[in-house]
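Let's take a friendly walk through this structure together. Have a look at it below, and then we will go through its ligands and the residues around them.

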Amino acid sequence: MKPEKLFLLLLFAGSCFSAEQDLPAGEEAFHSKQYSDFEKPETCQSCHTDIYQQWSQAMMSQAYTHHWDEIEYFDLAVAHAKVVPELKPVVDGCNGCHAPLAYLSGDVPPPRPAENSRANESVSCDLCHSIIGFKGDVPFNFNYISSPGRMKYGAKAGLKSPHHDTEYNEFFTKAEFCGTCHNEKNPYGIWVKSTQLEWKEGPYGQQGVVCQQCHVPKALGKNAKMAQEDVVAQHLFHGAHDPGKLAGAIEMRMHPEEREIEYDGTAVIKVQLFNGKAGHKIPTGSVEDRIMWLHLTAQDADGAEYHLPVDKKGFAGEAYTIAADELAYQDMGIAKGIENFPGVQRDGVPIGDRIFRMPYFDKQGRMTIQQWNTASLGTDYRIGPRETKIETFTWELPEDIALGKVTFTARLNYQRLVKPVADFLGVPEEESEIVPINTATTWIEVYD
Ligand code: HEC
Ligand code: HEC
Ligand code: HEC
Ligand code: HEC
Ligand code: HEC
């Protein structure tokens, strides 16, 4: 190659490189674009019919409009920032992930969902397919690099489309792509969302089983009306809003230490809980809102029912992992303008049940569901990917227990938002619905 050609090539390569580096990401990208830089999902729909319908049923298409998001954003976060102005940047930042087009266009707070603005497109087709990488070492706080235009980036090379150009970009095959929005650090420096980080340190991350394999699974089909049949990424993005995704996410078995017990004896029941299905901890993501709990009951030969509280293990902060009659979430009073707000029930599930969760605390040390107001995290008692936890229930048989068979039933339940908070804020019922994850049974024989 002639030296001048090599020079031109290097110059060209160099300018591509710096163009990517020059594009802003994260907070720097605020107001760096306009809504009109992005095409509407309905434009993509005309050719990408199946993918459009999948996306429109997923939370991605509702990240801004979904009722609970609207309530938390406007009634708690925006209202809180009015009382505490330093919070404005972080509250504006909610949109970097939930209404990215609005954030990139500098339109914050965006119009309410009912006003039907382009903020409603939420995490749209064109937003994701304009991402070319991320800035920094760790993906978090919407530090994706957005480069909208005629070029649509994806995970396949050499595709031809009449509407746009296409280019293979390795980033689409990486968990970091998802991590730009699924990891979040708040102004206190706390990781309030860390799904990709949990994944990375777990077995799936180490074995390179990326998020896409479980949430954008591939199947034979057509990715566009006029395309050839091929293996196509299904845009399901199914998570905690899909009861089928939650079902069986934790496998559960239990057994008694001894099968035959004298009527005045003590039964010891052990429950094994194995996270065999998720690539990260359960719960993950909006951990401040989510709980999973284990409820154990016994029924004797006469049909009498007993509720068994879990045994304490004695680790620091354990009190937050056993349902109790406590008040919490007092910091909602700031946004709501209620002085000396006493809070609402912390758990809303039967007292004595084991709760798998990680509590978030405000700077006064009170439990909070406001991630932007979180100054520290409590004990992480969630179930990690491929981790098994054992819970024990020691039960002194009641005096009047019937002789014969006693059957135990364990139920593992999930709730996206603790019910007392949902009720207080007027969040629609479905968000605090009890979703069954699994059940298990065992028995003992009581003899005289
Ligand atoms: C007029 C039809 C048409 C429209 C409108 C259209 N596309 Fe496409 N698109 C195609 C075709 C055809 C392909 C190639 C399919 C194949 O051969 O597998 C394609 C491929 C793609 C790919 C795959 C790129 C890759 O390299 O992996 C992406 C991503 C994509 N389109 C995104 C979009 C987005 C986002 C929109 C809306 C802003 C859109 N498309 C609108 C027809 C269209
Ligand atoms: C959250 C980001 C995200 C959103 C939103 C999104 N996509 Fe994708 N899309 C991806 C990723 C990631 C892949 C590649 C997945 C893989 O191959 O592992 C992909 C792949 C594709 C492909 C190629 C599929 C194939 O395997 O042949 C097309 C076409 C496409 N997307 C179009 C769309 C359209 C149209 C929409 C909106 C209706 C949309 N995408 C919304 C992230 C997204
Ligand atoms: C531009 C930001 C962004 C990117 C990139 C992104 N997500 Fe999301 N995702 C969100 C937001 C915001 C929500 C929450 C929607 C809601 O409930 O308000 C969400 C929701 C989800 C959910 C549903 C959770 C539930 O509660 O049901 C899944 C699953 C998910 N994302 C997986 C992925 C995967 C896998 C990728 C990478 C291929 C990805 N996301 C990339 C922003 C993003
Ligand atoms: C081995 C399969 C697997 C992998 C890999 C995986 N997930 Fe999941 N994911 C699941 C299952 C199963 C659930 C449902 C259980 C739950 O909600 O925790 C889930 C739930 C979720 C949720 C909903 C959590 C909630 O409480 O709302 C999000 C968000 C999510 N995953 C994102 C990701 C991201 C981002 C990655 C990659 C960093 C990833 N997942 C990797 C299987 C997987
Ligand atoms: C770095 C990206 C990011 C930022 C910034 C962010 N979120 Fe989210 N948010 C997400 C993702 C991703 C999910 C989905 C996680 C899951 O399903 O567990 C989510 C979930 C939620 C949920 C629960 C939705 C549900 O359906 O259960 C609410 C409410 C919410 N966010 C509100 C906010 C508010 C208010 C702010 C600003 C103070 C904010 N978010 C900032 C990414 C972000």
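A good place to begin is ligand 5, where helix 5 gives the largest share of the surrounding shell, seven residues. Helices here are DSSP runs of H or I with at least four residues, strands are runs of E with at least two, and both are numbered from the N terminus. Before going further, note that this is a predicted model, in which local features need pLDDT of at least 70 and side-chain atom pairs count only at pLDDT 80 or more, while totals for chains, interfaces and linings use all residues. Residues are numbered from 1 along each chain as its sequence is written, and chains are lettered from A and ligands numbered from 1 in the order in which they are written.

Ligand 5 is surrounded by 25 residues, and the closest are E72, C94, C97, G285 and S286. A residue counts as near a molecule if its C-beta atom, placed from the backbone, lies within 6 Å of it. Helix 4 (67–83), helix 5 and helix 8 each supply at least two residues of this shell. By class, the shell around ligand 5 has 11 nonpolar, nine polar and five charged residues. Here Ala, Val, Leu, Ile, Met, Phe, Trp, Tyr, Cys and Pro count as nonpolar, Asp, Glu, Lys and Arg as charged, and the others, Gly among them, as polar. Where does ligand 5 lie with respect to domain 1 and domain 2? It lies between them, because domain 1 (14–233) and domain 2 (248–447) both give residues to its shell; the domain bounds come from an automatic or database domain assignment.

Now turn to ligand 3, which also has a shell of 25 residues, with C178, C181, C211, G239 and H241 the closest. Helix 5 (88–98), helix 7, helix 8 (175–182) and helix 11 (211–215) each supply at least two residues of this shell. Helix 8 gives the most, with five residues. In the shell around ligand 3 there are 15 nonpolar residues, nine polar and one charged.

The last stop is ligand 1. Of the 25 residues around it, C44, C47, G154, S161 and H163 come nearest. Both helices and strands take part: helix 2 (41–45), helix 7 (125–128), strand 3 (151–154) and strand 4 (165–168) each supply at least two residues of the shell around ligand 1. This shell divides into 10 nonpolar, 10 polar and five charged residues.
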